[in-house]
Amino acid sequence: MKEDFKSGFAAIIGRPNVGKSTLMNHLIGQKIAITSRKPQTTRNRIQTVYTSERGQIVFLDTPGIHKAKNKLGEYMVNVAQRTFQDADVILWLVEASDYIGAGEKHIAQQLQKTKLPVILVMNKVDKVEKKQVAGFIEAYRKLYDFAEIVPVSALRSVNLDTLLECIFKYLPYGPQFYDEDTVTDQPQRQIVAEMIREKALRCLEEEIPHGIAVTIERMKERPQGDMVDIDATIICERDSHKGIIIGKQGAMLKKIGSQARTEIENMLETKVNLKLWVKVKKDWRDSDFLIKNFGYDKKEI
């Protein structure tokens, strides 16, 4: 191990939809976390790994911190708050604005309970005029005593090198936790399920509330190694949702399937035969048993 090698954990927090997953994907340089304009896209804590000559940062991407409305919501808030305990530094992601709403104030209160350094990452600065940014930063300075404040555009990869410098500043010296070529600790099946869920959310846009989950029933490579067969089920909460997901003569389900297949093939670097089904499980987001069944287990937080 090199004497000057640093390694540690950086938790990414923020209200739903501020671009946490986009930031992580761009820092790592490939897609791990799903992105969508709908809030609460990230449901489990996702670990991704950035490795360079200087050291290794394990990013903990958390579900957005918000006031819970159902059992799934409570699970997500618990995941986010537990993540604080494992981190060396916290990145709080906000949108470039001087409007500080109830959501931000709620997060600032949660942060008062921690002794960890907090870096404020002001995202989407490409969407505002440069001269406004200083005023936005000033507004946030009054809210909390930040270790650093870094304006970035995650989508355009602006200022991400500066952000990495800042993160390394607060990490301890130590050995790397993962091999150089590891980019996530997520099981492949889970990433495939998330990719399908993302495409469903994107294709369905506003038509269906957030209550869909995806389970992988079967994922098997063929003996020749030239194709992977994947059977997956999209779970929704109502019969009316099922009809929308399937679409006229199955058109919507085909669209979701073909978009997901392309992305899964890129990740697995092989051809994929993807079959999708749709099942209704009434109010699954309020059932402890079903939440656990779909991969969100409180014991694993």
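The following legends describe close-up views of a predicted model.

**View A. Largest nonpolar core.** The largest nonpolar core comprises 29 residues, and those with the most contacts inside it are Ile-196, Ile-230, Ile-234, Ile-245 and Ile-264. Two or more residues each come from α6 (188-204), β7 (213-221), β8 (227-236), α8 (251-268) and β9 (271-280). Helix α6 gives the most, with nine residues.

**View B. Another nonpolar core.** Apart from the largest core lies another, of 25 residues. Its members include Ile-12, Met-24, Leu-91 and Leu-171.

**View C. Salt bridge between Lys-199 and Glu-263.** The closest N and O atoms of Lys-199 and Glu-263 are 3.0 Å apart. Lys-199 lies in helix α6 and Glu-263 in helix α8, so this salt bridge ties together parts that are 64 residues apart in sequence. Both Lys-199 and Glu-263 are buried. A network of salt bridges links these two residues with Glu-198 and Arg-202.

**View D. Salt bridge between Arg-218 and Asp-231.** The side chains of Arg-218 and Asp-231 meet at 3.2 Å, N to O. The pair links strand β7, which holds Arg-218, to strand β8, which holds Asp-231, 13 residues apart. Arg-218 is partly exposed, at 35% relative accessibility, whereas Asp-231 is buried, with a relative accessible area of 14%.

**View E. Salt bridge between Lys-124 and Glu-95.** The N to O distance between these side chains is 2.9 Å. Because Lys-124 lies in the loop between β5 (118-123) and α4 (130-141) and Glu-95 in strand β4 (residues 89-95), the pair ties together parts 29 residues apart in sequence. Lys-124 is partly exposed, with a relative accessible area of 22%; Glu-95 is also partly exposed, at 33%.

Terms used: Residues numbered from 1 in each chain as written. Predicted model: local features only at pLDDT ≥ 70, side-chain atom pairs only at ≥ 80, totals over all residues. Heavy atoms only, no water. Core = buried A, V, L, I, M, F, W, Y, C linked by side-chain atoms within 4.5 Å. Buried < 20%, exposed > 50% of the residue type's maximum accessible area, 1.4 Å probe, protein only. Helix = DSSP H or I, 4+ residues; strand = E, 2+ residues; numbered from the N terminus. Salt bridge = Lys/Arg side-chain N within 4 Å of Asp/Glu carboxyl O.
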